[in-house]
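Visitor: Please take me in for a close look at the place where the ligand sits. I would like to know what surrounds it and how that place compares with the rest of the protein.

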Amino acid sequence: LESKTHFVSTTHCFRRLAKTLPLRTDTVLEIGSSFGHTTEILAKRAKEVHGIEHSKVMIDALNTRFSNNSHVVVHWHDARDIYGIKEIIPKIDLLFFDIGGDAPAHIAVYLSQLYINTYRPRVVVVRNISLAAMLQEVVLTEYPNADRRYHKYRNVPSQEQIIEHYRDQAKRSDRKFIEREDKRRKKSLDLDRSL
Ligand SMILES: C[S@@+](CC[C@H](N)C(=O)[O-])C[C@H]1O[C@@H](n2cnc3c(N)ncnc32)[C@H](O)[C@@H]1O
């Protein structure tokens, strides 16, 4: 079963899909519940809604807001702990993913892909402005299944690999890039001065 993914930029569109996509039998996982506007919309249709939020202030507000809804459970948890979340919520049908529309695209891609590959939900909605903007220009996607080398992109990395990714990987290559750029700029600045 393949996941069907919607990429959106506005909360308006995100919430419209929250209204129309869930079936009465669905378990929904919402990443980044904030104050629960979308959570509440999802809860009108879905059988069960699990909201993940790492802000304590928001979790307190969410707990108050949904204290009378037994089919809504909000979890004070960091979304990057995918194994921890999988342990609490073993199976979902729908994923609503919004860690902030202006989050850098590579961060949204890495994390939403982890969720898609872990759960293989029937439908996925990702809110990220730069991703949605980029995908608007898409004329072709070549489905990667034909080549076995691409299988790693569908695998879920280990907890250690995920931690390593967040700790190091991006930073190491960023540092190299920054060093190189600093050198290059210094060179051209020195050149300017000497002219
Ligand atoms: C733009 S808000 C979501 C708005 C929501 N979709 C709505 O319709 O109201 C993004 C939320 O994601 C949460 N968030 C960002 N990174 C997170 C992470 N790593 N783990 C859990 N929550 C996170 C933020 O605290 C924030 O509340």
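Guide: Here is a walk from the whole chain to the ligand, and then to the other pocket.

Keep in mind that this is a predicted model. Start with the frame. The protein chain has 7 helices and 6 strands. Along the sequence they follow the pattern β-α-β-α-β-α-β-α-β-α-β-α-α. Read that pattern from left to right, and it ends with two helices in a row. The C-alpha atoms fill a box of roughly 70 × 45 × 35 Å, taken along the principal axes.

Now go to the ligand. The ligand sits in the second largest pocket. About 650 Å³ of space lies in this pocket. Its lining counts 32 residues. Nearest the centre of the pocket are His54, Ile99, Gly100, Ala103 and Leu111.

Which elements build these walls? At least two lining residues each come from H1, strand E2 (27-31), H2, strand E3 (48-53), H5 and helix H7 (159-194). H7 gives the most, with 5 residues. By class, the lining of the second largest pocket has 12 nonpolar, 13 polar and 7 charged residues.

Step closer, to the shell around the ligand itself. There are 16 residues around the ligand. Arg15, Thr38, Glu53, Ala79 and Asp98 come nearest. Helix H1 (11-20) and helix H2 (37-45) each supply at least two residues of the shell. Sort the shell by class, and you find 4 nonpolar, 7 polar and 5 charged residues.

Next, look at single atoms. Three side chains are worth finding on your screen. Take Arg15 to begin with. One of its polar side-chain atoms lies 2.9 Å from an oxygen atom of the ligand. Then turn to Asp98. A polar side-chain atom of Asp98 lies 2.8 Å from a nitrogen atom of the ligand. Asp78 also has a polar side-chain atom by a ligand nitrogen, at 3.1 Å. How much of the ligand does the protein cover? On its own, the ligand has 610 Å² of accessible area, and the protein covers 85% of that.

Finally, visit the largest pocket. About 1000 Å³ of space lies there. The largest pocket is lined by 24 residues. Thr5, Phe7, Gln113, Thr141 and Pro144 lie nearest its centre. Strand E1 (4-8), helix H5 (105-119) and helix H6 (129-135) are the elements that give two or more residues to this lining. The largest share comes from H5, with 6 residues. H5 also supplies at least two lining residues to the second largest pocket. By class, the lining of the largest pocket has 13 nonpolar, 7 polar and 4 charged residues.

Go back to the ligand once more. Its home is the second largest pocket, and Arg15 and Asp98 are among the residues that come nearest to the ligand.

Terms used: Residues numbered from 1 in each chain as written. Predicted model: local features only at pLDDT ≥ 70, side-chain atom pairs only at ≥ 80, totals over all residues. Heavy atoms only, no water. Near = heavy atom within 4 Å. Polar contact = N/O pair within 3.5 Å; in protein donor to acceptor, adjacent residues only side chain to side chain. Areas by Shrake-Rupley, 256 points an atom, 1.4 Å probe, with all protein chains shown as cover. 1 Å grid on protein atoms, 1.4 Å probe; cavity = no way out; pocket = protein on both sides within 12 Å on 5 of 7 lines; lining within 4 Å. Sits in = over half its atoms within 2 Å of the grid points. Helix = DSSP H or I, 4+ residues; strand = E, 2+ residues; numbered from the N terminus. Nonpolar A, V, L, I, M, F, W, Y, C, P; charged D, E, K, R; others polar. Points joined across faces, edges and corners; volume = space filled by probe spheres on them.
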